[in-house]
Each structure stands twice: as structure tokens, then as C-alpha cells.
Amino acid sequence: MALVLGVGVGLFVLIFLWVLGIIGCVALSRATGGLKNAVFGIGVLLIIITVIMLLYPRNTKQEELAGNTARKVEVDTMIIPRTVLFSFSCIFAVVAFVFLLIFHWMDPIYSPAFSSRKTYSF
């Protein structure tokens with residue numbers, strides 16, 4: 001079994017997605033207007049992805065019971081759902097980064113107006 005930082009790959013992916021989601025929620029918490037409601041969408045999306053990843057087991061009960069007794073050709077039957085989840089998470093990360101770029105980092109800073117009417121001649 002492959003391990004990432006001492007935990008399984010599925011748990012590592014879940015932790016990574018939740019960290020990205022929390023960063024996205026914090027970035028959108030200062031937004032104004034309708035974009036402020038995107039925080040709820042991020043939360044719902046994270047919960048849906050977590051439930052889907054928990055409901056898709058990597059091994060069936062028969063494979064767990066059989067263990068290594070039977071020699072079989074291993075076929076990854078869950079490649080399509082995992083690919084779809086990975087693509088959605090990548091799209092989510094890109095959209096969150098674009099929103100962070102547009103609404104936080106590129107926020108215009110306006111200069112204050114001059115308070116005097118003095119004119120200078122050279």
C-alpha cells in the first residue's frame with residue numbers, strides 16, 4: 001500500500017482538498033455581493049467529494065477476504081470515478097486561485113484627492 005507522509009493516499013487527498021477548500025473559503029469571506037455565497041458552495045462541494053470518496057472502496061469484500069491466495073491480474077476498475085474526482089478538484093483549485101487573484105490580489109488602490117488648489121509654475 002502506498003503511503004504519503006505516513007498516511008494512505010485517500011486520506012492525504014481528502015486532507016489536501018479540505019485545506020484547499022478552507023483557503024478558498026477564507027479568501028472568499030471578504031468578498032462582497034453574491035460572491036460571498038460561494039463559500040457555501042465550496043462547503044457543499046467538499047462534503048460531496050468526501051462522501052463520494054468514502055463510498056468508493058478500492059477493494060471489494062471478496063478481494064479483502066481472498067487476500068493473496070488467488071493470483072489474478074489486477075485491473076483498476078475505479079479509474080474513471082477517481083479521474084473525474086481528480087479533474088473536479090483541479091478545476092476547483094484553478095477557479096479558487098482565479099477568484100483569489102481577481103478579488104484579493106488585484107484589488108485597486110485609489111489615491112486620495114488633492115486637498116489644495118495650489119498651482120505650481122516653473
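**Close-up views of a predicted four-helix chain**

**View 1. Tyr56 and its contacts.** Setting aside neighbours up to four places away in sequence, Tyr56 touches Met78 and Pro81. This is a predicted model, and Tyr56 is a friendly place to start. Look for Tyr56 in the loop that links H2 to helix H3 (61-66). Is Tyr56 buried, partly exposed or exposed? With a relative accessible area of 43%, Tyr56 is partly exposed, because that value lies between the 20% and 50% limits. Arg82 is also worth finding in this view: 26 residues separate Tyr56 and Arg82 along the chain, and their C-alpha atoms are 9.1 Å apart.

**View 2. The chain as a whole.** Step back for a moment to see where the close-ups belong. The protein chain holds two strands and four helices. Reading from the N terminus, the order of elements is β-β-α-α-α-α. The chain has 122 residues, and 14% of them count as buried. Now consider contacts between residues at least 6 apart in sequence: 57% of these join residues at least 24 apart.

**View 3. Helix H1 beside helix H2.** Here H1 packs with helix H2 (residues 38-55), their axes lying 9 Å apart at an angle of about 175°. Angles over 145 degrees count as roughly antiparallel, so H1 is roughly antiparallel to H2. Which residues of H1 meet H2? On the H1 side they are Gly10, Val13, Leu14, Leu17, Trp18, Gly21, Gly24, Cys25 and Leu28. Their partners in H2 are Ala38, Val39, Ile42, Leu46, Ile47, Ile49, Thr50 and Met53. Sorted by class, the residues of this contact comprise 13 nonpolar, four polar and no charged.

**View 4. Helix H1 beside helix H4.** Turn now to the contact of H1 (residues 9-28) with H4 (residues 79-105), where the axes come within 10 Å and cross at roughly 25°. That angle is under 35 degrees, so H1 runs roughly parallel to H4. The crossing of H1 with H4 is left-handed. From H1, the residues Leu17, Leu20, Gly21, Ala27 and Leu28 take part, meeting Ser89, Phe92, Ala93, Phe99 and Leu100 of H4. This contact has eight nonpolar residues, two polar residues and no charged ones. Leu17, Gly21 and Leu28 may look familiar: these H1 residues meet H4, and they also meet H2.

**View 5. Two cysteines, Cys25 and Cys90.** A disulfide is a covalent bond between the sulfur atoms of two cysteines. How many disulfides does a search of the whole structure find? The search finds zero. Cys25 has a relative accessible area of 18%, which means that Cys25 is buried, as the limit is under 20%. Cys90, at 32%, is partly exposed. Cys25 also appears in View 3, among the H1 residues that meet H2.

Notes: Residues numbered from 1 in each chain as written. Predicted model: local features only at pLDDT ≥ 70, side-chain atom pairs only at ≥ 80, totals over all residues. Heavy atoms only, no water. Axes fitted to C-alpha atoms, helices over the stretch in contact; angles between N-to-C directions. Parallel < 35°, antiparallel > 145°, perpendicular 65-115°, else oblique. Left-handed = near helix turned anticlockwise from the far one by under 90°. Contact = heavy atoms within 4.5 Å. Nonpolar A, V, L, I, M, F, W, Y, C, P; charged D, E, K, R; others polar. Disulfide = S-S within 2.5 Å. Buried < 20%, exposed > 50% of the residue type's maximum accessible area, 1.4 Å probe, protein only.
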